[in-house]
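Me: I would like to go through a model and ask, point by point, what each description rests on.
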Amino acid sequence: MISEDIEAYLREHEQKDLLRFITCGSVDDGKSTLIGRLLHDSKMIYEDQLAAITQASKTSGTTGDAVDLALLVDGLQSEREQGITIDVAYRFFSTDKRKFIIADTPGHEQYTRNMATGASTASLAVILIDARYGVQTQTRRHSFIADLLGIQHLVIAVNKMDLVDFSQERFDEIVADYREFADKLNARDLRFVPMSALEGDNVVNPSERTPWYFDGGYEGVPLLELLETAEIAHDSNLSDLRLPVQYVNRPNLDFRGYCGTLAAGILRPGQAVKALPSGKTSTVERIVTFDGDLEVAYPGQAITVTLADEIDISRGDWLVEDEANIPLSNVFEADIVWMHDTALETGKLYDFKLATRDAAGQISAIDYQIDVNTLEHRVADHLDLNAIGRCRVELTTSVPLDDYRRSPGTGSFIVIDRLTNVTVGAGMVHQMLETELPYEFRAHDSKADVVWNRSSVTPAMRAQIKGHRGKCVWFTGLSGSGKSSLGNALEVELNRRGYHTMLLDGDNIRHGLCKDLGMSEADRTENIRRVGEIAKLFADAGIIVITAFISPFRADRDAARKLFNDGDFIEVHVDTPMDICEQRDPKGLYQKAREGKIKDFTGINSPYEVPKAAELTLKTMDHDQKELVNQVIKRLSL
Ligand SMILES: Nc1ncnc2c1ncn2[C@@H]1O[C@H](COP(=O)(O)OS(=O)(=O)O)[C@@H](OP(=O)(O)O)[C@H]1O
Ligand SMILES: Nc1ncnc2c1ncn2[C@@H]1O[C@H](COP(=O)(O)OP(=O)(O)O)[C@@H](O)[C@H]1O
């Protein structure tokens, strides 16, 4: 169609959606051959290029009589690698269903920064594995970097299947290995394809040599189809409106527009918005673009917005929903990829560009460096080129910020050397440490002067030495339901298996830490708050904490849960019916309560709010203790 009706061709292409992906692997894994094949089989190679590589294949190719498609890509690559700065090579191709941009970066460790750059705009990563060697150090490195940059779709292309006789057994083995490692990643969509890029199996066309790939257990589609159908529409954050203002457009006195790329959320005229950090509110009147006004704008679109009121907004400010409550922060944790030969220095003044805002600041501490090959955490006092570390950033002014995983556009930044103006690092915000509420919410309280002192040994490092992470198993249930007995049995079993544990039990804590508290609702809430904090400290020390408290209120349990990372707090409802607890009555408390001698007794004259979303519900009537303990251990996934 290109030659017959170029206009129609372009129109058709404009309508198609675009997938940006990154290919991770080295030439040895068959990466260049794979890219060459995608370009070739989707007819994106010019006739003269094909003629040239056909000729070159005869003289310098490695594929015998067949055309060596790797030459197409490697020709460019060697050129690039001679240069001092190796950028990311972007290649374009398209099929009937989608347009694609491939970010092609070299696979070696010294190109980590290039890979991070390529990955930062990609929605999907193709991770190449040589079927003969399986999951390698570099597979883990590539997957980790892709994951760090928030890529949610990983396609694991097990290449060179022709060299292992298209063995399903080998493929299964690699898939199992990879899955075990991928447990540590956040990516939510993992696909596996057995392939031979060289011979064309399962790249564009389904291969007859892997019938087992198509009969159920696996995706059963070639790589290209996976690329064409990967569900990326919902990857971007459509719920939190974020428009960082790039510049204010004032061509004449009648028009004032705020220009920027919508980083997250959906924007329509009429939307009530608030500017940050000022907190001033207004309503969107028009969404202006080069091609006319829009009724709706989506993330990634460059727009100019006009507002109903004249409020003071400048470059770097954000427009968000008027109801949004976004704290301003000047101290935060971030993962930083260092991109310059001169190492990162803590305490040195750098410029930071956060979305459209410029701010000065310093990297005040490096919590740890992540070994990109083993994913282990190490103590570090500087970061060399290509190193990645979890750092603490302190800006000289408070700014609105997002967590990178929630909104990459407003949760990332670059670090700039103030003297040379060169970009030396890129970062992803992980956590706000010191926040203040913007504008009218600000209040002064005496506790605001307390700073959070950090230790150089981090929870991750403590966990590494212990051989497991700290977690919390939170038993909740009526008095006499069996919390203490189960907690005790669980601790015995975990100890037997070599885990480091600590049991916190209601009766014991109330003799010491909480001896000032009674059984009123307020006192129970304070009791559980303290227990939650203590449990968190133990977990940070790398210990599996088991708590056995009635903890009757849902909000209190949820507050404890919030102290932990996702997956590290396991709420276990010991669900024993009230009449059974009352029959057991080991301490005679139910009887006393019935006689009116105890006021506020849980279940009788004080409420117990049954968990709605506990990780586990245990029926002590139906199973013996050993079985129940095993259920908990299984759920702990240690
Ligand atoms: N009024 C009243 N209501 C409930 N329980 C009472 C009360 N008074 C004393 N006890 C004893 O205290 C234990 C409960 O303490 P907790 O710290 O687990 O309670 S709470 O979570 O703060 O609600 C509880 O222990 P368990 O039976 O092991 O649950 C009781 O033995
Ligand atoms: N799984 C179980 N099946 C039957 N009885 C149990 C079970 N777990 C505990 N019990 C009995 O119930 C009583 C209360 O157990 P306890 O662990 O002290 O509960 P809690 O700590 O929730 O008050 C004890 O007499 C104990 O022997």
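Me: How do the residues of the shell around ligand 2 divide into nonpolar, polar and charged?
Reply: In this predicted model, the shell around ligand 2 holds two nonpolar, nine polar and two charged residues, where glycine is counted among the polar ones. Of the 13 residues around the ligand, G482, K483, S484, S485 and T620 come nearest, and helix 10 (residues 483-496) gives the most to this shell, with three residues.

Me: What makes S551 a buried residue?
Reply: A residue is called buried if 20 or more other C-beta atoms lie within 10 Å of its own; S551 has 27 within that distance, and therefore S551 is buried. S551 sits in the loop between strand 26 and helix 13, and, leaving aside neighbours within four places in sequence, S551 is in contact with T476, I528, D556 and R557. An unreviewed UniProt entry lists S551 under "active site", an annotation that may be inferred rather than shown by experiment.

Me: How do you know that the span of helix 12 agrees with the expected one?
Reply: At 1.5 Å a residue, the 20 residues of helix 12 (residues 521-540) should span 28 Å, and because the end C-alpha atoms are 29 Å apart, the two values agree. Just after helix 12, G542 takes a positive phi of about 90°.

Me: Which residues of helix 12 are buried, and what covers them?
Reply: The buried residues of helix 12 are R524, N527, I528, V531, G532, A535, K536, F538 and A539; what covers them includes strand 24 (471-476), strand 25 (501-505), helix 11 (506-509), strand 26 (544-548) and helix 13 (554-562).

Notes
Residues numbered from 1 in each chain as written. Chains lettered and ligands numbered in written order. Predicted model: local features only at pLDDT ≥ 70, side-chain atom pairs only at ≥ 80, totals over all residues. Near = placed C-beta within 6 Å. Helix = DSSP H or I, 4+ residues; strand = E, 2+ residues; numbered from the N terminus. Expected span 1.5 Å × (residues − 1). Buried ≥ 20, exposed ≤ 12 C-beta atoms within 10 Å, placed from the backbone. Contact = placed C-beta atoms within 7 Å.
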